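I opened this notebook to record what I looked up in the structure, beginning with its nonpolar cores and then turning to a sheet.

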Amino acid sequence: MATTFAFAAPLLSSSSRTFVRRAPIPCHRSPNHLRLPPLKCSSSEPETAVSPADWTHKLIAGAAGLGFLETSYLTYVKLTGDDAFCPVGGGTCSDVLNSDYAIVFGIPLPLIGMAAYGLVAALGLQLASNKLRFGINKSTAQAVLLGATTSMAAASAYFLYTLTTRFSDSSCSYCLLSAFLSFTLFFVTLKDLGLQEVSKTLGLQLLVATIVILTLNTSYNSSESGSSSLAEIDLPYYATEITTPSSPFALSLARHLHSIGAKMYGAFWCSHCQEQKVMFGREAAKELDYVECFPEGYRTGTKMIKACIDAKLAGFPTWIINGQVLSGQRELSELAQVSGYNESVQPS
């Protein structure tokens, strides 16, 4: 901005002394004296920068958390005896989940998986937040994480081999999801540690993987040898023909039982079930509402059909008449009394 200075200089005239006001002389500041805009001084790194390791640990915690939820559901199904919902493959999924390979030394495999995923998720969360508990440091936590994910990947590889060789006709979406999560956790952990650190523990990783595979193989071999007699049981379904003719009373009672919705639950290999049908005779047995619990035959690991499971049977045969449960073979007179049969024809 220009600045002006005004001054008065005396001018003498012949007659008198007067003062004349001169024009202001502009005065400019040096061009070097410029006003600069305000500048903000900050550090060279962003204040909110997040290290890649934090995102890696969060990814580990998230994947392990998903595996924990999956195995928790399968553990509940295993302990309660319910059928798992199989989005792909239908009932073949239950064939795998209910097989001998779903138990390791008497412990349900999903329960072991739930513990493993829970450990990995907890370590991932603690490493991501830099709040390690129980007095362990970061290197120890990473070593435990590497050992856990190595064992999970080794077990998943073993189970994938078993799935393709022993259950080639079955599909298990839960098994494939668990294998995917296990391998993901393993490779993410390797990337987090780096090639140099991983190379230092390569021998330990191979030892852990070998122990896991040998443990699983020993468990399944002992299970097969302990249940060799049961493994030989493979009964295809067969129907037994009844040749005994029905009495008028038996035929009338069978029609009455059918009319009130009474049901008889049994199994094709059950001798008492066949004897119960013989008591009714050929014609009357055809009138009964008989539910076969093993229509596809019986072999090790085969479960009853849903109708028999829902009925919560304690044995065969089982009658359910007007909401009353009668277990075992029954006389026709008892069935008539329980069902409210009041025809004039009585058993001889």
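I looked first at the largest nonpolar core, which has 27 residues, and noted that Leu-253, Leu-257, Phe-280, Trp-319, Ile-321, Leu-332 and Leu-335 touch the most other members. I took a core to be a set of buried Ala, Val, Leu, Ile, Met, Phe, Trp, Tyr and Cys residues joined through side-chain atoms within 4.5 Å, where buried means under 20% relative accessible area with a 1.4 Å probe, protein chains only. Two or more residues each come from α9 (248-259), β8 (263-266), α10 (271-280), β11 (318-321) and α13 (332-339), and α9 gives the most, with five. Helices here are DSSP runs of H or I of at least four residues, and strands are E runs of at least two.

The model is predicted, so I kept in mind that local features need pLDDT of at least 70 and side-chain atom pairs pLDDT 80 or more, while totals for chains, interfaces and linings use all residues. Residues are numbered from 1 along each chain as its sequence is written, and side-chain values use heavy atoms, without hydrogens and water.

I then turned to the sheet, which is open, with four strands in the order β9-β8-β11-β12 and mixed pairing; strands pair if DSSP finds at least two bridges between them. Because β9 (290-292) and β12 (324-327) stand at the edges with a single partner strand each, one side of each lacks a neighbour in the sheet. I noted that β8 and β9 run parallel, joined by three bridges, and that Met-264 has Tyr-290 in β9 as its bridge partner.

How values were computed:
Buried means under 20% relative accessible area, exposed over 50%, partly exposed in between (1.4 Å probe, protein chains only).
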